[in-house]
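User: I am new to this structure and would like to look closely at a single part of it. Please begin with one strand pairing and then follow the connections outward from there.

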Amino acid sequence: MKTTKHVLLSLGLFLASLEVAPATDSYRIDAARSTVSFGVHQFLGVTKGKFTQCAGTMEIDREHPERSSVTAQIQVKSIDTGIRKRDDHLGSAEFFDAAKYPQITFKSRSVKQTGAQTGDIVGDLTMHGVTRPITLHVTLLTPMGNEESTAHSRWAVTTESLKRRDFNLMFSRSAETLSGIGQYVTIKLEIEAVKNQ
């Protein structure tokens, strides 16, 4: 009789733990299907580029979105503006200094749902050894509530333009004058994430 009571008590505790367990799904960023792009005014045009190597994880609590979290890393050496010589210069010690600061990282601090498939993620962006708070505006592009969207999720991400000077990303004074490059950099991301099994 005593053994039966212990079994029933253990079963009850197990079932209770299942009820309070958070409905959190863990995802990893699929770099091959994600795009991290940027643009900056230069003279009368816009110079565009992208980073081709990124990684990260997303912990999504569907019942309590505010409990979700995101971490991401971008490899500075993967910068691609379409001109190899320019990319090498951007990765040099005069600008990104990829040897000393190989990654750009983001770590969320809070998540707020703003619509049925939109939200704001506040977190810390670290680039070139400088950490500053930013807000990511995210939109879920995959329909909710079906098996496909649960296994793969795709997100459009924007943020306010970043100022190069805030991250000490400045060329020499003479190079700044000659290059005609602007201070503000626009960021646009499309992130595809795959659910961890």
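Which residue in E5 stands opposite threonine 57?

Analyst: The residue opposite threonine 57 is threonine 71 in E5. The model considered here is a predicted one. The pairing belongs to a set of 6 bridges between strand E4, residues 54-61, and E5, with the two strands running antiparallel.

Threonine 71 also has a partner in another strand, since it stands opposite lysine 107 in E7. Strand E5, residues 69-75, is joined to strand E7, residues 103-113, by 5 bridges, and this pair too is antiparallel. A further position in E5, alanine 72, has phenylalanine 106 of E7 as its bridge partner.

The two faces of E5 may be considered next. In a regular strand, side chains alternate between the two faces of the sheet. On E5, the covered face consists of Val70, Ala72 and Ile74. Ser69, Thr71, Gln73 and Gln75 make up the uncovered face. Threonine 71, with which this account began, is thus on the uncovered face, and alanine 72 is on the covered one.

From E7 the pairing continues to strand E8, residues 118-127, through 8 bridges in an antiparallel arrangement. Within this pair, serine 110 stands opposite valine 122 in E8. A hairpin connects E7 to E8 by way of 4 residues.

The loop that follows E8 contains a residue with a notable backbone angle. Histidine 128 is located between E8 and strand E9, which spans 130-140. Its phi is near 55°, a positive value in a residue other than glycine. Histidine 128 counts as buried because its relative accessible area is 16%, under the 20% limit. Asparagine 168 likewise has a phi near 55°, again positive in a residue other than glycine. Asparagine 168 is placed in the loop between E11 and H4. With a relative accessible area of 48%, asparagine 168 is partly exposed.

The interior can be approached through the nonpolar core. Nonpolar side chains in soluble globular proteins tend to be buried together. In this model the largest nonpolar core contains 40 residues, and those with the most contacts inside it are Phe51, Phe96, Ile104 and Met127. Leaving aside residues up to four places away in sequence, phenylalanine 96 touches Phe51, Val76, Ile79, Leu90, Gly91, Tyr101, Ile104, Met127, His128 and Leu169. Among these contacts is His128, the loop residue described above.

Aromatic rings form another set of links, with 4 aromatic pairs in the count. In one of them, phenylalanine 51 and phenylalanine 96 meet edge-to-face, with their centres 6.1 Å apart and 80° between the planes. This pair connects distant parts of the chain, 45 residues apart: phenylalanine 51 lies in strand E3, residues 45-51, and phenylalanine 96 in the loop between helix H2 (84-91) and E7. Phenylalanine 51 is buried, at a relative accessible area of 9%, and phenylalanine 96 is buried as well, at 8%. The pair of phenylalanine 95 and phenylalanine 171 is stacked, because the ring centres are 4.5 Å apart and the planes stand at 20°, where stacked requires an angle under 30 degrees. This second pair also links distant parts of the chain: phenylalanine 95 is in the loop between H2 and E7, while phenylalanine 171 is in the loop between strand E11 (162-163) and helix H4 (173-179), 76 residues away. Both phenylalanine 95 and phenylalanine 171 are buried. One aromatic cluster brings together Phe38, Phe51, Phe95, Phe96 and Phe171.

Strand E4 offers a route to a polar site. Aspartate 25, in strand E1 (residues 24-29), touches Met58, Glu59, Ile60, Arg62 and Lys195, not counting residues up to four places away in sequence. The side chains of aspartate 25 and arginine 62 are joined by a polar contact of 2.9 Å. A polar contact of 3.5 Å is made between the side chains of aspartate 25 and lysine 195. Aspartate 25 is buried, with 14% relative accessible area.

A final link involves leucine 189, which is found in strand E12, residues 181-195. Leucine 189 counts as buried because its relative accessibility is 14%. Beyond residues up to four places away in sequence, leucine 189 touches Thr35, Val36, Trp155, Ala156 and Val157. Leucine 189 and threonine 35 are 154 residues apart in sequence, yet their C-alpha atoms are 5.5 Å apart in space.

Key:
Residues are numbered from 1 along each chain as its sequence is written. This is a predicted model: local features need pLDDT of at least 70, side-chain atom pairs count only at pLDDT 80 or more; totals for chains, interfaces and linings use all residues. Side-chain values use heavy atoms; hydrogens and water are left out. A nonpolar core is a set of buried Ala, Val, Leu, Ile, Met, Phe, Trp, Tyr and Cys residues joined through side-chain atoms within 4.5 Å. Buried means under 20% relative accessible area, exposed over 50%, partly exposed in between (1.4 Å probe, protein chains only). Contact means heavy atoms within 4.5 Å. Two strands pair if DSSP finds at least two bridges between them. Rings of Phe, Tyr and Trp (its six-membered ring) pair if their centres lie within 6.5 Å; planes under 30 degrees apart count as stacked, over 60 as edge-to-face and the rest as tilted. A polar contact is a pair of N or O atoms within 3.5 Å; within protein, one must be able to donate a hydrogen and the other to accept it, and residues adjacent in sequence count only if both atoms are side-chain atoms.
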